[in-house]
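Take a moment with the sequence and the model before reading on. The paragraphs below walk through them step by step.

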Amino acid sequence: MQPNLNKLRLSIYAVFTLGALLILVDFICPGKIINDEIVGVSREQQQYFNAAGNYHYSYKISTNEHTFIVAEDFIEPELINKKIEYSISRIFKEVNWCKLLSSQKKSFSSLRVASGFVLPLLLIISIFVAFRYKKKIGLLIFILQVLLLADFIFLILSP
């Protein structure tokens with residue numbers, strides 16, 4: 001019974017490793033570079049429904065073709081009608097980075113970095129450590145697999 005269970009576990013780990021590699025490659029590989037004009041900037045208040053009632057702002061930039069989230073430090077006064085360059089990933093059609101044409105500094109969305117780079121890399125490293133060094137981290141791998149599955153669904157369903 002034990003060898004069959006190990007084969008099943010190995011097969012599941014292989015499937016999730018391939019999925020993580022797919023997400024990682026989609027983030028790392030250069031996608032389609034688009035030069036466009038900013039037609040709108042929006043700021044939305046995100047509230048935490050806790051006792052403190054804290055909040056933060058999220059910023060979105062709209063171009064003729066896409067609308068995407070940017071970091072707060074990317075927002076400048078008078079962004080409308082400025083030219084922007086951004087990269088669209090090949091598989092999931094997500095914005096990987098953006099920069100103003102007048103600047104050399106690229107801006108990455110923290111959500112995109114977490115979902116496209118950090119989470120898949122953590123899962124791959126955890127599976128490698130579990131097999132290479134015979135560590136018993138099955139619960140950690142299971143949690144990362146669930147998160148990767150949710151990330152995969154998020155990437156597929158996001159517009």
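Which residues form a nonpolar patch on the surface? They are L139, F142, I143, V146 and L147. Together they have about 490 Å² of accessible area. Keep in mind that this is a predicted model. One member of the patch, F142, is found in helix 3. F142 counts as partly exposed, because its relative accessibility is 49% and the exposed class begins over 50%. In soluble globular proteins, nonpolar side chains tend to be buried together.

Now turn to the buried nonpolar residues. The largest nonpolar core has 15 residues. Within this core, the residues with the most contacts are A20, I23, L123, I127, I141 and L148. Three helices feed the core: helix 1 (2-28), helix 2 and helix 3 each supply at least two of its residues. Look at A20 for a close view. Neighbours within four places in sequence left aside, A20 is in contact with P120, L123, I124 and L148. Of these partners, L123 and L148 are also among the core residues with the most contacts. Another core lies apart from this one. That other core has 14 residues, including I84, Y86, I88 and C98.

Next come the strands. Strand 1 covers residues 32-47, and strand 2 covers residues 55-63. The two pair in the antiparallel sense, over 9 bridges. E44 shows one such link: its bridge partner in strand 2 is S58. Strand 2 is also joined to strand 3. Here there are 4 bridges, and the two strands run antiparallel. I61 stands opposite F68 in strand 3. A hairpin of 3 residues leads from strand 2 to strand 3.

Move on to strand 5, residues 95-100, where K99 has its place. Is K99 buried or exposed? K99 counts as buried, because its relative accessibility is 12%, and buried means under 20%. What does K99 touch, residues up to four places away in sequence not counted? The list is F74, I84, E85, Q104, K105 and K106. One of these, I84, belongs to the core of 14 residues.

The loops deserve a look too. Strand 3 (67-70) and strand 4 (83-88) have a loop between them, and N81 is found there. D73 is found in that loop between strand 3 and strand 4 as well. N81 counts as exposed because its relative accessibility is 54%. D73 counts as exposed because its relative accessibility is 59%. How far is D73 from L22, taken between C-alpha atoms? The separation is 30 Å, and the two residues are 51 residues apart along the chain.

Backbone angles add a further detail. Most residues other than glycine have a negative phi. N81 has a phi near 75°, a positive value in a residue other than glycine. K134 also has a positive phi, near 55°, and is likewise a residue other than glycine. Where does K134 sit? Its place is in the loop between helix 2 (110-132) and helix 3 (138-157). K134 counts as exposed because its relative accessibility is 66%.

Last, return to helix 3. This helix holds F142, and F142 is part of the nonpolar patch on the surface. Helix 3 also supplies at least two residues to the largest nonpolar core.

Terms used: Residues are numbered from 1 along each chain as its sequence is written. This is a predicted model: local features need pLDDT of at least 70, side-chain atom pairs count only at pLDDT 80 or more; totals for chains, interfaces and linings use all residues. Side-chain values use heavy atoms; hydrogens and water are left out. Buried means under 20% relative accessible area, exposed over 50%, partly exposed in between (1.4 Å probe, protein chains only). Patches are made of residues with over 30% relative accessible area and no salt bridge: like charges are joined within 9 Å, nonpolar side chains (Val, Leu, Ile, Met, Phe, Trp, Tyr) within 5 Å. Accessible areas come from the Shrake-Rupley method with a 1.4 Å probe; for residues, only the protein chains shown count as cover. A salt bridge is a side-chain nitrogen of Lys or Arg within 4 Å of a carboxyl oxygen of Asp or Glu. A nonpolar core is a set of buried Ala, Val, Leu, Ile, Met, Phe, Trp, Tyr and Cys residues joined through side-chain atoms within 4.5 Å. Contact means heavy atoms within 4.5 Å. Two strands pair if DSSP finds at least two bridges between them.
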